[in-house]
Amino acid sequence: MNLRRLEFTLTTKCNSQCLHCQAEASPLRSEVMEVEDACNYLEEVAYVAKLESFMVFGGEPMLYPDKTIAIFQKANDLKIPEIENVDEWRLGQKHGKC
Ligand code: SF4
C-alpha cells in the first residue's frame, strides 16, 4: 500500500469552537477514540504500509494526555520515524487566535 502518513482525529472536544474547524470541535462535544481502537488501527495500517509519519489532532488531544501518550508510545513501538501532535496552543501560536 502506498500510504506514508496517517492522521487521527482523537477527539471532538476542544477548549475552542472555531468556525473553520475540520472536526467541528467544541467544549460541548465529548467524543474520544479509545486507546485500544487507535492502537489497533495504527497496527493494521503499519502492517500493510510503510508509514513515515503519524499525527494526532482533534479537537484538543492534550485534554486526554494519557490517551495521547499511549498512542504515541504505540507509534514509537512500530518505529514510525515522525510522530506529531497538533494542539490548540500550537495552532494559536501559528495562526493567531482561532
Ligand atoms: S482550536 Fe483547532 S481543534 Fe479546537 S476548535 Fe479550533 S480549529 Fe478545532
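**Figure 1. The order of elements along the chain is β-α-β-α-β-α.** This is a predicted model. It holds three helices and three strands. Of the 98 residues in the protein, 23% are buried. Contacts reach far along the sequence. Taking those between residues at least 6 apart, 72% link residues at least 24 apart.

**Figure 2. Strands S1 and S2 run parallel.** Five bridges pair S1 with S2. Strand S1 covers residues 5-9, and strand S2 covers residues 53-57. Within this pair, Glu7 faces Met55 of S2. Helix H1, residues 35-48, belongs to the connection: S1, H1 and S2 form a β-α-β unit of right-handed sense.

**Figure 3. Strands S2 and S3 are also joined in parallel.** Here the number of bridges is four. Strand S3 spans residues 82-85. Opposite Glu82 in S3 stands Ser53. Helix H2, residues 65-77, takes part in this unit: S2, H2 and S3 make a β-α-β arrangement, and the unit is right-handed. Strand S2 thus appears in two pairings, with S1 over five bridges and with S3 over four.

**Figure 4. Glu7 is a residue of strand S1.** Is Glu7 buried or exposed? Glu7 counts as exposed because 12 other C-beta atoms lie within 10 Å, and the cut-off for exposed is 12 or fewer. Beyond its neighbours up to four places away in sequence, Glu7 touches Met55 and Phe57. Met55 is also the residue that stands opposite Glu7 in S2. Asn85 is 78 residues away from Glu7 along the chain, yet their C-alpha atoms are separated by 9.6 Å.

**Figure 5. Twelve residues build the largest nonpolar core.** The members are Leu10, Met33, Ala38, Leu42, Leu51, Phe54, Val56, Phe57, Tyr64, Ile71, Ala75 and Ile80. Helix H1, strand S2 and helix H2 each supply two or more of these residues. Which element gives the most? Strand S2 does, with three residues. One core member, Phe57, is also touched by Glu7 of S1.

**Figure 6. Met33 is a member of the largest nonpolar core.** Which residues does Met33 contact, leaving aside neighbours within four places in sequence? They are Phe8, Leu10, Thr11 and Ala38. Among them, Leu10 and Ala38 belong to the largest nonpolar core as well.

Key. Residues are numbered from 1 along each chain as its sequence is written. This is a predicted model: local features need pLDDT of at least 70, side-chain atom pairs count only at pLDDT 80 or more; totals for chains, interfaces and linings use all residues. A nonpolar core is a set of buried Ala, Val, Leu, Ile, Met, Phe, Trp, Tyr and Cys residues joined through C-beta atoms within 7 Å. A residue is buried if 20 or more other C-beta atoms lie within 10 Å of its own, exposed if 12 or fewer, and partly exposed in between; C-beta atoms are placed from the backbone. Two residues are in contact if their C-beta atoms, placed from the backbone, lie within 7 Å. Two strands pair if DSSP finds at least two bridges between them. A crossover is right-handed if, with the strands pointing away from the viewer, the path from the first strand over the helix to the second runs clockwise.
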